[in-house]
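Colleague: Please take a close look at one residue and its salt-bridge partners, then move on to the other parts you can describe. Which details would you show me?

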Amino acid sequence: DGGRAAASCDMGAGGDASSADGNATAISTFLRVRPHKRKGHFTLPDEAAIEDGPAVVRAEVARDEVAGMVNNKRTAWAFGFDGVIGPQARQDEVFERVAEPVVSSVLEGYNGTVFAYGQTGSGKTYTLTGGVDAFADRGIVPRAISRIFAHCAASTGEVEHVIRISYLEIYNEVGYDLLGAVPTGGAAAGEGFTLPRISAVAEDEDGGVHLRGLGCHVAASEEEALSLLFVGDTNRAVCETAMNAASSRSHCVFTVHVEARPVGAPTVRRSKLQLVDLAGSERVAKTGASGTTLGEALHINRSLHFLELVITRLHERLSAKAGKAGRGGGKDTHVPYRNSMLTSVLRDSLGGNCKTVMVAAMHPASDHTDESISTCRFAQRVRMITNDVSRNEEVDPALLIERLRDENRRLRDAGAANEDDGGAELPQADLRALRRAVRVFVGDPSQSAQVEWGRGRRAAKVRHALWMLRQMIRGGSGGG
């Protein structure tokens, strides 16, 4: 594969290379409501009237409808979000509000993640990838690619950029490289082609996650990156269910690795943008799953359960730290990232070095109220998590070594230019003084006798002194 840059992909760019500008940043949450003809139980806020504080979404269910709902002792709920995206919102508006700040931070050397969560059929894949009917329907992923390459083109001559793409699929708790089937010619894999599996999930001493077997492909242009996206989407696992004609049956992580080197500087910034399309949570009774589809649903729900467990433990950790602030600390809460491949891959995004945004996709129909409330509750827990965000900037060892070598060569050349030229001829006055010094040296019986060289031109004087000694030994004269 001509585009393959490495046999394994580093999902944890940064590590201990980050500069000291780290700061705690809360995960932002946005609610996106899928268009629906009938009014459901949810009331959306008028964000134009909100001056400060979160956008509050309210749900009210009549008491005779509560049976079977989440926590049936309640009839009213209120959920705060950083923003609410209504059913009529355009795709460009979604990108500008949700993803553009994250993409901008990635281009400045910070890690960024946007992930979509919600029940199956709520619009997660449409939000991230977009529709195929019109150019304006492009989702966050293609728009992010376009923004990144536009930035690279604008900084040509000042910063050298290398963009790499990886596309991971987690299907039934097994990782696959969605781009591993790309042949040399760039065409999509033939039907029935088996995608390469991720052989191992390794963790380095700095907490970075490395996926062995996941290739990173260099994309030299926006067109090449979009082609890789198309190939990966073609290889995704989808099927029809009772709630979605093209339901994603796997979690997918599209990652853009950005390497930026300012021209003439010894530093390099390595950041990553992870765009995560989570498979939809679903209730088997609603989807009518059976056979293979049922097995997929069980794996999806299990991995989402572990994701929720990680969020819960992170919240407990933050609460415990706040409570222990005046009591001298205590035992830290364990966060079970290793319970699933999904949580391992998202380790940086959840509680790590990353600017993270969650899009909670919601179906407003009345018969989906229980799932919508569950999605909003999950978003509230996510919103309370903070990440320690810092720039991934380091001195490039290879470039630093090369610059030190150049400096060493320059100093050697300068030193050689300043040294005596051993082949230079000495003035007659210096030669006469040197002959006298050599005669004194030869006539001195002391073991500590030395030649008085005088100042400067040492190499030339040593050469002439040896010639004089040679003449004295051969001819018995006073130095010729």
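Modeller: Glu394 has a relative accessible area of 28%, so it counts as partly exposed, as the buried class stops under 20% and the exposed class starts over 50%. Bear in mind that this is a predicted model.

The partner of Glu394 is Arg270: their side chains form a salt bridge, at 2.4 Å from N to O. Because Arg270 belongs to strand 16 and Glu394 to strand 19 (residues 393-395), this pair ties together parts that are 124 residues apart in sequence. Salt bridges with shared partners link Glu394 and Arg270 with Arg164, Glu259 and Arg261 in one network.

Arg270 also has a salt bridge to Glu259, where the closest N and O atoms are 3.3 Å apart. Here the parts tied together are 11 residues apart in sequence, because Glu259 sits in strand 15 (residues 251-262) and Arg270 in strand 16 (residues 267-277). As for accessibility, Glu259 is buried at 11%, whereas Arg270 is partly exposed at 28%.

The structure holds 15 salt bridges. Another of them joins the side chains of Glu100 and Arg147, with 3.2 Å from N to O. That pair ties together parts 47 residues apart in sequence, since Glu100 is in helix 1 (residues 91-107) and Arg147 in helix 3 (residues 140-154). Arg147 is partly exposed, its relative accessibility being 29%. As a general point, side chains of opposite charge can pair when their charged atoms come close.

Next comes a sheet and the helix on it. The sheet is open, has three strands in the order 4-5-6, and its pairing is antiparallel. Strand 4 (42-43) and strand 6 (76-81) each have a single partner strand and stand at the edges, so one side of each has no neighbour in the sheet. Six bridges connect strand 5 (residues 55-60) with strand 6 in the antiparallel sense, and Glu60 faces Ala76 of strand 6. Helix 8 packs on this sheet, where it touches strand 4 and strand 6, and its direction makes about 45° with that of strand 6.

Helix 8 covers residues 369-383, and its end C-alpha atoms lie 21 Å apart, which agrees with the 21 Å that its 15 residues should span at 1.5 Å a residue. Of those 15 residues, 11 are buried, so helix 8 is largely enclosed by the rest of the structure. The buried residues of helix 8 include Thr369, Asp370, Glu371 and Ser372 at one stretch, and further along Phe378, Ala379, Gln380 and Val382.

The loop between strand 17 (355-362) and helix 8 contains His363. With a relative accessibility of 11%, His363 counts as buried. Leaving aside residues up to four places away in sequence, His363 is in contact with Arg34, His36, Gln119, Gly121, Ser122, His368 and Ser372. Ser372 is in turn one of the buried residues of helix 8.

Methods: Residues numbered from 1 in each chain as written. Predicted model: local features only at pLDDT ≥ 70, side-chain atom pairs only at ≥ 80, totals over all residues. Heavy atoms only, no water. Salt bridge = Lys/Arg side-chain N within 4 Å of Asp/Glu carboxyl O. Helix = DSSP H or I, 4+ residues; strand = E, 2+ residues; numbered from the N terminus. Buried < 20%, exposed > 50% of the residue type's maximum accessible area, 1.4 Å probe, protein only. Expected span 1.5 Å × (residues − 1). Pairing = 2+ DSSP bridges. Contact = heavy atoms within 4.5 Å. Axes fitted to C-alpha atoms, helices over the stretch in contact; angles between N-to-C directions.
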